[in-house]
Amino acid sequence: MSKAFTLLIFCKQPRIGQGKQRIAASLGAETTFEIAKALLQCALEDAQAWSGRVVLSPASVDEVEWAEGLLDGEHVQVVPQPSGNLGERINTVDQRLREQGHQNIVTIGTDAPILTLDLLQQVCHKMADYDVVCSKADDGGVTVMASGVAWPNIETLPWSTERLAQGLEECCLDAGLSVGYIEPTYDIDLEADLVRLIEDLKSDRRPARKALLQLITPIVNNRMVTS
């Protein structure tokens with residue numbers, strides 16, 4: 001590729017009783033905690049396979065030391081998120097990185113283990129033709145949002161709703177940015193997503209994905225037996 005691409009991962013330190021509350025409501029806090037740790041490892045696996053610069057953006061400055069211990073290498077940087085909603089946090093981190101010279105930034109979270117290096121490379125290729133490239137999630141959100149220019153003000157978008165992808169596209173178009181897409185994907189928000197993920201990961205040979213599959217298969221199977 002002719003341009004340098006940065007992989008930006010928004011993450012948070014897994015803790016019992018925090019995050020993935022819809023899964024926790026059915027599977028319990030401790031099981032959800034184990035799943036969150038496995039999902040994080042999948043995102044880190046993507047980072048390790050990435051050929052360019054990597055930025056880990058933990059949820060707060062309190063998690064910087066934790067994030068600094070996740071990956072090795074001079075190409076890895078840690079930039080904590082500020083307070084505010086997700087749009088505010090993305091705008092702020094994105095601006096800070098662009099001030100440091102990052103140009104083409106591919107942003108993901110830690111809840112879409114279905115993503116592959118091939119899909120992320122497709123995003124990079126499409127950025128030659130579009131200012132913004134995303135992968136829509138089945139629930140109306142996005143699992144990847146990449147941009148070669150600074151994001152417009154996305155603070156007021158309907159984050160964590162089924163209208164996010166549409167709102168993001170409209171916001172970018174209103175700002176004069178072109179928007180392209182790779183194939184739709186999905187993230188892990190509900191217990192039903194784990195059922196789907198088991199099928200999709202059966203042929204995946206990546207170690208962190210295999211570990212995730214090994215973790216969630218008996219959880220899902222036991223739920224099916226007892227339900």
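Student: Looking at this predicted model, how many of the 6 residues of S6 are buried?

Tutor: Buried here means under 20% relative accessible area. By that cut-off S6 is largely enclosed by the rest of the structure, because the number of its residues that are buried is 6 of the 6.

Student: OK, and which residue in S6 is the bridge partner of Val-106?

Tutor: Start with the strand pairing: S4 (104-108) and S6 pair in the antiparallel sense over 4 bridges. Val-106 belongs to that pairing, and its bridge partner in S6 is Ala-146.

Student: What about S5, then: which residue of S6 does Cys-134 stand opposite?

Tutor: S5 covers residues 132-136, and 5 bridges join it to S6, with the two running antiparallel. Within S6, the residue opposite Cys-134 is Met-145.

Student: Which residue in the turn of the S5 and S6 hairpin has a positive phi?

Tutor: The hairpin leaves 5 residues between S5 and S6. One residue in that turn has a phi of about 95°, and that's Gly-140.

Student: Which strand is joined to S5 by 3 bridges?

Tutor: S5 is largely enclosed by the rest of the structure, since 4 of its 5 residues are buried. One pairing of S5 runs parallel, and there Val-132 has Val-179 as its bridge partner. The strand holding Val-179 is S7, residues 179-181, so the one joined to S5 by 3 bridges is S7.

Student: Let's talk packing. Which residues touch the most other members of the largest nonpolar core?

Tutor: Nonpolar side chains in soluble globular proteins tend to be buried together. The largest such core here has 28 residues. Elements giving two or more residues to this core include strand S1 (5-10), helix H2 (29-49) and helix H5 (117-126). The residues that touch the most other members are Leu-7, Ile-9, Trp-50, Val-106 and Val-123.

Student: Leaving aside neighbours within four places in sequence, what is Val-123 in contact with?

Tutor: We've met Val-106 and Ala-146 as bridge partners, and both turn up in this list too. With those sequence neighbours set aside, the contacts of Val-123 are Val-106, Val-133, Val-144, Ala-146 and Ile-182.

Student: There's a second, separate core; how many residues does it have?

Tutor: Met-145, the residue opposite Cys-134, is one of its members. Trp-159, Leu-164 and Ala-165 are also among them, and the size of this second core is 23 residues.

Student: Now the open space: which element gives the most to the lining of the largest pocket?

Tutor: The pocket holds about 1,200 Å³ of space and is lined by 46 residues, with Lys-20, Leu-86, Asp-111, Ser-160 and Asp-189 nearest its centre. By class, the lining has 22 nonpolar, 14 polar and 10 charged residues. Elements that give two or more include helix H1 (21-27) and helix H4 (86-99), but the one giving the most, with 6 residues, is H2.

Student: And what is the volume of the largest cavity?

Tutor: There is 1 cavity of 30 Å³ or more. Its lining includes Leu-39, Cys-42, Asp-111 and Pro-113, and divides into 7 nonpolar, 2 polar and 2 charged residues. H2 gives the most to this lining, with 4 residues. The volume comes to about 40 Å³.

Key
Residues are numbered from 1 along each chain as its sequence is written. This is a predicted model: local features need pLDDT of at least 70, side-chain atom pairs count only at pLDDT 80 or more; totals for chains, interfaces and linings use all residues. Side-chain values use heavy atoms; hydrogens and water are left out. A nonpolar core is a set of buried Ala, Val, Leu, Ile, Met, Phe, Trp, Tyr and Cys residues joined through side-chain atoms within 4.5 Å. Buried means under 20% relative accessible area, exposed over 50%, partly exposed in between (1.4 Å probe, protein chains only). Contact means heavy atoms within 4.5 Å. On a 1 Å grid over the protein atoms alone, a cavity is a set of points where a 1.4 Å probe fits but cannot get out, and a pocket is an open set with protein on both sides within 12 Å along at least five of seven lines; lining residues have an atom within 4 Å of a point. Grid points are joined across faces, edges and corners, and a volume is the space filled by probe spheres set on the points. Ala, Val, Leu, Ile, Met, Phe, Trp, Tyr, Cys and Pro count as nonpolar, Asp, Glu, Lys and Arg as charged, and the others, Gly among them, as polar. Two strands pair if DSSP finds at least two bridges between them.
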